[in-house]
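I open a fresh page for this chain. My plan is to go from confidence to overall form, then to single helices and residues.

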Amino acid sequence: MAEPGREKSSHRHTLYDRARACYLGLAVGDALGATTEFMTPGEIRATHTIHKNICGGGWLRLKPGQVTDDTEMSLALGRAVLERGWCLSGIADNFVAWMRGKPVDIGATCRRGIRSYLLKGQLEQPVNEWDAGNGAAMRMAPVALLTLGDDVLLMRCALEQARLTHHHPLSDAACITIGRMIHHSLTGCDRFALHALTRDLVADHPRFQFSRYDGQASAYVVDTLRTVFHYFFTTGSFEECLIGVVNQGGDADTTGAIAGMIAGAFYGCDAIPRRWLKKLDPSIREDVEEQAIRLIQLSPLVRRQIGDGHPLTQEKNHEI
Ligand code: MN
Ligand code: MN
């Protein structure tokens, strides 16, 4: 039997690997899916037969390996937290700076949320029946890494970051479920445990039912999650899951990003095809890997393991 100290450090090695895979999965899924964003499955078949390589293009005319708002907003959020602790105005400031840098793409709801912070200092959007898009859900990877080991903290951080731009019960529920699926995956659960989390979501919000998937993969967070869940639970590898999702078209970069963060955390780094990692923009790859490790090191779970207090639980780090 391994000595206890060694066992702990090998657990941590696996955990850090899954954390990197979660964030890399997001970026890889975004870069892969951007090519087929807004296409129908028929159009994708006619153009690519099966889309399975990171090749850029798409309606945004991306370079191969270039990512979009899904990864960029996640990195902006992660950077804010690493610099200032959990501070919503810090996150909003980074979103403003990102928007001013003329990003290749920005969703209308995100733009409106960022503008209302800029003009009115507003850190929470009012409830809006049109805010059930997937723009908050796509930013959940850094939040899940940061809050691992504390479900109450996950819920709080998920909802606060979400409502900077999106305030809708279906978006809120989606964000929390994605966060929980990542948490469970990071600590090495099986797929039945993940399926149980989706059943909890469906019990609260029956629209997320995905057992009879109808192929809708729009930016409506219900369509997005049904697509992700359908392919995650009907495939047996990271690669197969991601290829299924992005060949469904629709909001393919975002379904790719969300499938990538969950499947990445679940399957680990070795499961991400090398050809995809090699194509990913090297500076993005470096940023996501570095943030993944630094965020997981701040998580309550790792803090408890190494016997350190958690900075997020100390009042002085709450600016809000
Ligand atoms: Mn995007
Ligand atoms: Mn998208």
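**Confidence**

I am working from a predicted model. I looked up the confidence first: the mean pLDDT of the protein is 94. A pLDDT of 70 or more is reached by 94% of its residues. I then looked for weak spots and noted residues 313-320, where the pLDDT is below 50. That stretch has 9 contacts in the model beyond near neighbours in sequence.

**Overall form**

How many helices and strands does the protein have? I count 15 helices and 0 strands. The radius of gyration is 18 Å, close to the 20 Å that the globule rule gives for 320 residues, so the protein is as compact as a globular protein of that length. I also took the extents of the C-alpha trace along its principal axes: about 55 × 55 × 40 Å. Of the 320 residues, 52% count as buried. I checked contacts between residues at least 6 apart in sequence, and 74% of these join residues at least 24 apart.

**The core**

I went to the largest nonpolar core, which holds 92 residues. Which members touch the most other members? They are C22, A27, L145, I182, A259, M261 and I262. Helix α1 (residues 4-33) gives this core its largest share, 11 residues.

I picked I182 and listed its contacts, leaving aside neighbours within four places in sequence. I182 is in contact with C22, A141, A144, M261, I262 and A265. Among these partners, C22, M261 and I262 are also on the list of core residues that touch the most other members.

**Helix α8 and helix α12**

I stayed with single residues. I176 lies in helix α8 (residues 169-186). I find 23 C-beta neighbours inside 10 Å of I176, so this residue counts as buried. Its contacts are M155 and A158, with neighbours within four places in sequence left out. I also took one C-alpha separation: I176 and M140 are 36 residues apart along the chain, and 8.5 Å separates their C-alpha atoms.

F266 is in helix α12 (residues 252-267). Is F266 buried or exposed? It has 25 C-beta neighbours inside 10 Å, so I enter F266 as buried. F266 and M181 are 85 residues apart along the chain, yet their C-alpha atoms are separated by 8.8 Å.

**G250**

I moved to the loop between α11 (238-246) and α12, where G250 is found. With 25 C-beta neighbours inside 10 Å, G250 counts as buried. What does G250 touch, not counting residues up to four places away in sequence? I list A217, S218, D223 and T255. For S218 I added the C-alpha separation from G250: 5.0 Å, with their positions 32 residues apart along the chain.

**Helix α3**

I compared the span of α3 with expectation. Its 16 residues should span 22 Å at 1.5 Å a residue, and its end C-alpha atoms are 22 Å apart, which agrees. The helix is mostly covered, with 12 of its 16 residues buried. The buried set includes the charged-letter entries D69, D70 and E72. It also includes T71, M73, S74, L75, A76, L77, G78, A80 and V81. Just after α3, G85 takes a positive phi of about 75°.

**Helix α14**

Next I looked at α14 (residues 282-298). Its 17 residues reach 25 Å from first C-alpha to last, close to the 24 Å expected at 1.5 Å a residue. Its buried residues are I284, R285, D287, V288, Q291, A292, L295, I296 and L298. Seen down the axis of α14, these fall within an arc of 165°, so they line one face of the helix. The exposed residues P282, S283 and E286 sit on the face turned away from the buried side.

**Positive phi outside glycine**

Last, I looked up two backbone entries. T49 is not a glycine, but its phi is positive, near 60°. T49 lies in the loop between α2 (41-48) and α3 (69-84). With 9 C-beta neighbours inside 10 Å, T49 counts as exposed.

K102 is not a glycine either, and its phi is positive at about 50°. I place K102 in the loop between α4 (88-100) and α5 (108-120). K102 has 7 C-beta neighbours inside 10 Å, so I enter it as exposed.

Methods. Residues numbered from 1 in each chain as written. Chains lettered and ligands numbered in written order. Predicted model: local features only at pLDDT ≥ 70, side-chain atom pairs only at ≥ 80, totals over all residues. pLDDT = per-residue confidence, 0-100. Contact = placed C-beta atoms within 7 Å. Core = buried A, V, L, I, M, F, W, Y, C linked by C-beta atoms within 7 Å. Buried ≥ 20, exposed ≤ 12 C-beta atoms within 10 Å, placed from the backbone. Helix = DSSP H or I, 4+ residues; strand = E, 2+ residues; numbered from the N terminus. Expected span 1.5 Å × (residues − 1). Arc of directions from axis to C-beta. Rg over C-alpha atoms; globule rule 2.2 N^0.38 Å.
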